[in-house]
Every structure is written in structure tokens, then in C-alpha cells.
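User: Hi! I would like to learn how to read contacts, burial and confidence in a model like the one below. Could you walk me through it?

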Amino acid sequence: MTKKCIICEDKAQYAIKNTKDYYCQECASEQFKDISYLIRVEDALKQSKENTQAIDYPEE
Ligand SMILES: [Zn+2]
């Protein structure tokens with residue numbers, strides 16, 4: 001399951017918590033001065049696997 005950056009459609013590495021906005025490393029650092037605001041996609045996916053009540057990620 002690979003998420004794409006909403007800007008350049010490159011492979012996304014970051015997401016905004018509780019949204020479906022995904023960003024690659026490059027766009028994330030361009031859009032946000034502080035990327036600690038973002039969560040890592042792989043962590044989000046891991047979390048949703050461990051927690052059945054996690055955010056509902058759309059299937060691709
Ligand atoms: Zn991008």
C-alpha cells in the first residue's frame with residue numbers, strides 16, 4: 001500500500017494527522033517549515049494495523 005504525494009504524486013512519506021493529505025519529503029519540507037507537525041506514513045499505517053479504530057485510509 002503506497003501513498004502518493006498530493007502535490008507531485010511522488011511516493012509519500014508524510015501525512016497530516018487526521019487528514020488524507022500525503023506529502024513526499026520534498027513537498028512536505030516546502031509546505032511546512034516544521035515537519036514535526038506531520039506524521040510518517042509508515043507509522044500511520046502501522047498504527048492503523050494495530051488499532052482497529054484508527055483512521056480509515058482509503059483503498060487504492
Ligand atoms: Zn511531492
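Analyst: Happy to! Let's begin with contacts: two residues are in contact if their C-beta atoms, placed from the backbone, lie within 7 Å. Keep in mind that this is a predicted model.

User: Which residues does alanine 28 touch, not counting residues up to four places away in sequence?

Analyst: Leaving those sequence neighbours aside, alanine 28 touches Tyr14, Tyr23, Ile35 and Leu38.

User: And which residues make up the largest nonpolar core?

Analyst: Ten residues form it: Ala12, Tyr14, Ala15, Tyr22, Tyr23, Cys24, Ala28, Leu38, Val41 and Ala44. At least two residues of this core come from each of β1, β2 and α2.

User: What pattern do the elements follow along the sequence?

Analyst: The protein chain reads β-β-α-β-α, with two helices and three strands in its secondary structure. For the chain as a whole, 18% of the 60 residues count as buried. Among contacts between residues at least 6 apart in sequence, 25% join residues at least 24 apart.

User: How should I judge whether glutamine 25 is buried, exposed or partly exposed?

Analyst: Count the other C-beta atoms within 10 Å: 20 or more means buried, 12 or fewer means exposed, and anything in between is partly exposed. Glutamine 25 has 14 such neighbours, so it is partly exposed. Glutamine 25 sits in helix α1 (residues 25-31). Its C-alpha lies 8.8 Å from that of lysine 11, although the two are 14 residues apart in sequence.

User: Now backbone angles. Which value does phi of asparagine 18 take?

Analyst: Phi of asparagine 18 is positive, near 65°, in a residue other than glycine. Asparagine 18 belongs to the loop between β1 and β2, and it is exposed because just 9 other C-beta atoms lie within 10 Å. Glutamate 9 also has a positive phi, of about 65°, and is not a glycine. Glutamate 9 lies in the segment before β1 (14-16) and is exposed, with 11 other C-beta atoms within 10 Å.

User: Last topic, confidence. Which elements have the lowest and the highest mean pLDDT?

Analyst: The general idea is that where pLDDT is low, the predicted coordinates should not be read in detail. In this chain, helix α2 (residues 41-50) has the lowest mean pLDDT of the elements, 77, and strand β2 (residues 22-23) has the highest, 94. The chain averages a pLDDT of 83, and 80% of the residues score at least 70.

Notes:
Residues numbered from 1 in each chain as written. Predicted model: local features only at pLDDT ≥ 70, side-chain atom pairs only at ≥ 80, totals over all residues. pLDDT = per-residue confidence, 0-100. Helix = DSSP H or I, 4+ residues; strand = E, 2+ residues; numbered from the N terminus. Core = buried A, V, L, I, M, F, W, Y, C linked by C-beta atoms within 7 Å.
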